[in-house]
Amino acid sequence: MSPGEYIFHLKGSNNHGVWNRHEKAIRVVIHPPFWQTGWFRLLVLIVVITSAYKIVQMRLKAILDQKKKLEKEVEIRTEEIKQKNTLLQDKEIRTKQSLRYAKLIQDAVLPSTAEVECDLKEMFVLYRPFEIVSGDFYWFHKVGAKLIISAIDCTGHGVPGAFMSMM
């Protein structure tokens with residue numbers, strides 16, 4: 001039976017079919033099961049809302065922890081990149097200083113065009129290094145009435161190759 005309040009009316013008769021004039025009324029109350037009560041439904045609603053809130057809070061905390069972890073990793077990687085960048089800049093500076101020094105040596109070794117023009121009237125020198133210093137060089141030397149001229153190409157071997165060829 002459904003939950004609710006019922007009145008049970010009872011009227012009896014004997015074996016001869018004579019009915020009692022007074023009927024008896026019994027009040028019957030059927031209570032709903034606890035899961036159909038208002039207080040239980042309210043309790044379930046509170047538990048569901050609290051659980052959803054806790055789950056959202058836990059997920060939010062996990063996301064924030066992950067964000068902090070990623071930010072820390074980004075900081076570490078950024079610092080590594082800065083250190084490597086500094087090393088590369090230092091290396092580039094040292095390389096340029098080395099090339100400038102090699103240029104000084106090369107300029108000291110190469111004969112001047114004025115010196116060559118004294119013995120060769122119709123001449124020109126096309127000397128255009130790609131970088132600060134070139135792997136190509138020329139050499140000129142006069143021995144008595146003879147001229148010794150060298151044009152040396154060490155492209156691809158760099159300054160060390162050019163100096164070795166010159167020696």
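Valine 47 is placed in helix α1 of this predicted model. With a relative accessible area of 44%, valine 47 is partly exposed, and its side chain contributes to a nonpolar surface patch of about 580 Å². The other members of the patch are Phe34, Trp35, Trp39 and Leu43.

Several members of this patch also take part in aromatic contacts. The structure holds three aromatic pairs. One of them joins phenylalanine 34 and tryptophan 35 in an edge-to-face arrangement, with a centre-to-centre distance of 5.3 Å and an angle of 80° between the planes. Phenylalanine 34 has a relative accessibility of 47% and is therefore classed as partly exposed. An edge-to-face geometry is likewise found for tryptophan 39 and phenylalanine 40, because their planes stand at 90°, the ring centres being 6.2 Å apart. Within this pair, tryptophan 39 counts as exposed at 55% relative accessibility, whereas phenylalanine 40 is partly exposed at 24%. Phe34, Trp35, Trp39 and Phe40 together form one aromatic cluster. Of these residues, Phe34, Trp35 and Trp39 are listed among the members of the nonpolar patch.

Charged side chains provide a further set of contacts. Side chains of opposite charge can pair when their charged atoms come close. Five salt bridges are present in the structure. Among them is the contact between aspartate 65 and lysine 61, in which the closest N and O atoms lie 3.1 Å apart. Both residues belong to helix α1, which spans residues 38-109; because they are four residues apart, about one helical turn separates them. Aspartate 65 is partly exposed, at 39% relative accessibility.

A salt bridge also links glutamate 73 to arginine 77, with an N to O distance of 3.7 Å; the cut-off for such a contact is 4 Å. This pair, too, lies in helix α1, and its spacing of four residues corresponds to about one turn of the helix. The two side chains are partly exposed, the relative accessible area being 36% for glutamate 73 and 48% for arginine 77.

A further salt bridge connects lysine 142 with aspartate 119, the closest N and O atoms being 3.1 Å apart. Lysine 142 is located in strand β3 (residues 136-143) and aspartate 119 in helix α2 (residues 113-119), so this contact ties together parts that are 23 residues apart in sequence. Lysine 142 is partly exposed at 43% relative accessibility, and aspartate 119 is also partly exposed, with a relative accessible area of 30%.

Lysine 142 has an additional role in the strand pairing, as its bridge partner in β4 is leucine 147. Strands β3 and β4 run antiparallel and are joined by eight bridges. They form a hairpin with two residues between the strands, in which glycine 144 adopts a positive phi near 65°. In a regular strand the side chains alternate between the two faces of the sheet. Strand β4, comprising residues 146-153, is hardly covered, and the count of buried residues among its eight residues is zero. Lysine 142 thus combines a salt bridge to aspartate 119 with a backbone position in β3 that is paired with leucine 147 of β4.

How values were computed: Residues numbered from 1 in each chain as written. Predicted model: local features only at pLDDT ≥ 70, side-chain atom pairs only at ≥ 80, totals over all residues. Heavy atoms only, no water. Buried < 20%, exposed > 50% of the residue type's maximum accessible area, 1.4 Å probe, protein only. Phe/Tyr/Trp six-rings, centres within 6.5 Å; stacked < 30°, edge-to-face > 60°. Pairing = 2+ DSSP bridges. Patch = residues over 30% accessible without salt bridge, like charges linked within 9 Å, V, L, I, M, F, W, Y side chains within 5 Å. Areas by Shrake-Rupley, 256 points an atom, 1.4 Å probe, with all protein chains shown as cover.
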